[in-house]
Amino acid sequence: MSKVLDIFRELVDIPRCSNRHEDFIAYMQNLSKQLNYNCFVDEAKNILCKKNNSNSKIAFQSHYDIVCLSENKKIELIEDEDTISAKDSTLGADNGIGCSYMIALMYENYDGEFLFTSDEEIGLIGANNLNLPINSKYMLNLDSEEEGEICIGCAGGVDIKAIFENKKIVQNIDNLDLYEIRLNSLKGGHSGVDIDKNIPNAIKLLIQSIKECDGKILDISGGERINSIPANAKAIIASKKVPNKTHENMIIEKIDTKSEHLAIYDDKLLNFLYSFENGVRSYNSELGVVQTSINLALIDTNIDNIVVEFSARAMSKEDLKEIKNKTCDELSKNGFEFTSYGKYYPWKPDVNEFTNIVLEAYKKHNKDASLRAIHAGLECAVFKEKFPNLKIASIGPTIKFPHSKNEMVYKKSVDNLYKIVKDIIKSI
């Protein structure tokens, strides 16, 4: 039996959607008392567990929140010999497995600093607002998702929120028909690590269908999370032409109502979203990773406006600034009001004595292990800004399709990585 997986199965039953903290905090407070650790909680709901008079040389770090596609849905595990997934839900292996490693080490009475951060999935909020001391020399983040890869750098990111208010009521002099278009249950995925996998974006496919039938937008919504590739979208439009399907999952239904007046949004919105270059913008051949990208993540219609949100990522501060400014310039030219939020800097790749220790320990189990950077935001970037002298590396088991209903974790990989973690500790 795998100790780590047994702990993970226990964590699955604890509600851990972003912005929900109390259940997991109570769990860790009770567990810390049972295992003779101190448990500290700061204003941002981060949790730090450590021994009295600790001589810790290494801090272990994972975020405890998960992406929930349905806030109140209980996670039902599906297991076979090789994998664990969830029925019609995200699994929460990102980053429940990382938390499980840390708790397993606490059960083994390791003298480490165990930092569980809050609300990573909605903007690295816990890490950015950390008010707990880290005294260790090294930090091992456990939020990577590919066995054999040791992450020593990551992309920075910024989210952009744009508001379009150009709406008018017009006479339906062209006798346009009304249609509802729905696109559901696409693959989805992480808008960082999966952005180069040609995963279809439900909002872009919806916009394509509307544009190609010369449709007028009355109402539109789509997307699930700011850091996910949209899997669902829907719209009500007016058009002379019957819209065409742009994906096999698309459902198009004519609304049997004629309207003398229509409240439509200006074509600038449709044209901008249709021509918007979604996905990978540039590639870094030296690092073997996407250099810059932007994802059209969310869209929603309010009473008087439509709100569109984008998530931009880049491997350097300069490129992050450039893609943000370029996007904002384009939005301004097309009549949007906009603001940016959730910014976090890249973690510049850094080879040092700690990354070498991790690599050497890893190669005992996997001779092909390597150092690399990823095109996703890790809290390591925030910690490097807060604690410049901290040496950081990130590892994790193989997790596929995080943030989607297809999320799965490989059991053997989970067990393999726990052995590596303990060898890293021995080396230090």
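This report walks through the main pocket, two helices and a few unusual backbone angles of the structure above. The model is a predicted one, so please read every value here as computed from it.

**The largest pocket**

Let's start with the empty space. Rolling a probe the size of a water molecule over the atoms shows where such space is left. The largest pocket has a volume of about 690 Å³. Its lining counts 41 residues, and those closest to the pocket centre are Glu145, His190, Val193, Ile374 and Ala376.

Which strands each supply at least two residues of this lining? They are strand 8 (149-154), strand 19 (289-301), strand 20 (306-314), strand 22 (370-374) and strand 24 (399-400). Strand 8 gives the largest share, with three residues. By residue type, the lining of the largest pocket divides into 17 nonpolar, ten polar and 14 charged residues.

**Helix 1 and helix 10**

Helix 1 covers residues 3-12, and its buried residues are Val4, Leu5, Ile7, Phe8, Leu11 and Val12. Viewed down the axis of helix 1, these buried residues fall within an arc of 155°, so they line one face of the helix. What covers them includes helix 2 (22-35), strand 4 (77-79), strand 5 (83-86), helix 3 (93-107) and helix 10 (411-427).

Helix 10 deserves a look of its own. How far should its 17 residues span at 1.5 Å a residue? The expected span is 24 Å, and the end C-alpha atoms of helix 10 are 25 Å apart, which agrees. Buried residues in helix 10 include Lys411, Ser413 and Asp423, along with Val414, Leu417, Tyr418, Ile420, Val421, Ile424 and Ile425.

**Backbone angles worth checking**

Most residues other than glycine have a negative phi, and most peptide bonds are trans. Against that background, helix 3, which also helps cover helix 1, contains Asn95. The peptide bond leading from Asp94 to Asn95 is cis, with omega near 5°. Two residues that are not glycine have a positive phi, as the table shows.

| Residue | Phi | Loop | Relative accessibility |
|---|---|---|---|
| Lys45 | near 70° | between strand 1 (38-41) and strand 2 (47-50) | 34% |
| Asn198 | about 55° | between strand 12 (189-190) and helix 5 (202-212) | 73% |

Are these two loop residues buried or exposed? Lys45 counts as partly exposed because its relative accessibility is 34%, in between the cut-offs of 20% and 50%. Asn198, at 73%, counts as exposed, since exposed means over 50%.

How values were computed: Residues are numbered from 1 along each chain as its sequence is written. This is a predicted model: local features need pLDDT of at least 70, side-chain atom pairs count only at pLDDT 80 or more; totals for chains, interfaces and linings use all residues. Side-chain values use heavy atoms; hydrogens and water are left out. On a 1 Å grid over the protein atoms alone, a cavity is a set of points where a 1.4 Å probe fits but cannot get out, and a pocket is an open set with protein on both sides within 12 Å along at least five of seven lines; lining residues have an atom within 4 Å of a point. Grid points are joined across faces, edges and corners, and a volume is the space filled by probe spheres set on the points. Helices (H or I, at least four residues) and strands (E, at least two) are DSSP runs, numbered from the N terminus. Ala, Val, Leu, Ile, Met, Phe, Trp, Tyr, Cys and Pro count as nonpolar, Asp, Glu, Lys and Arg as charged, and the others, Gly among them, as polar. Buried means under 20% relative accessible area, exposed over 50%, partly exposed in between (1.4 Å probe, protein chains only). The arc is that of the directions from the helix axis to the C-beta atoms. Contact means heavy atoms within 4.5 Å. The expected span of a helix is 1.5 Å times one less than its number of residues.
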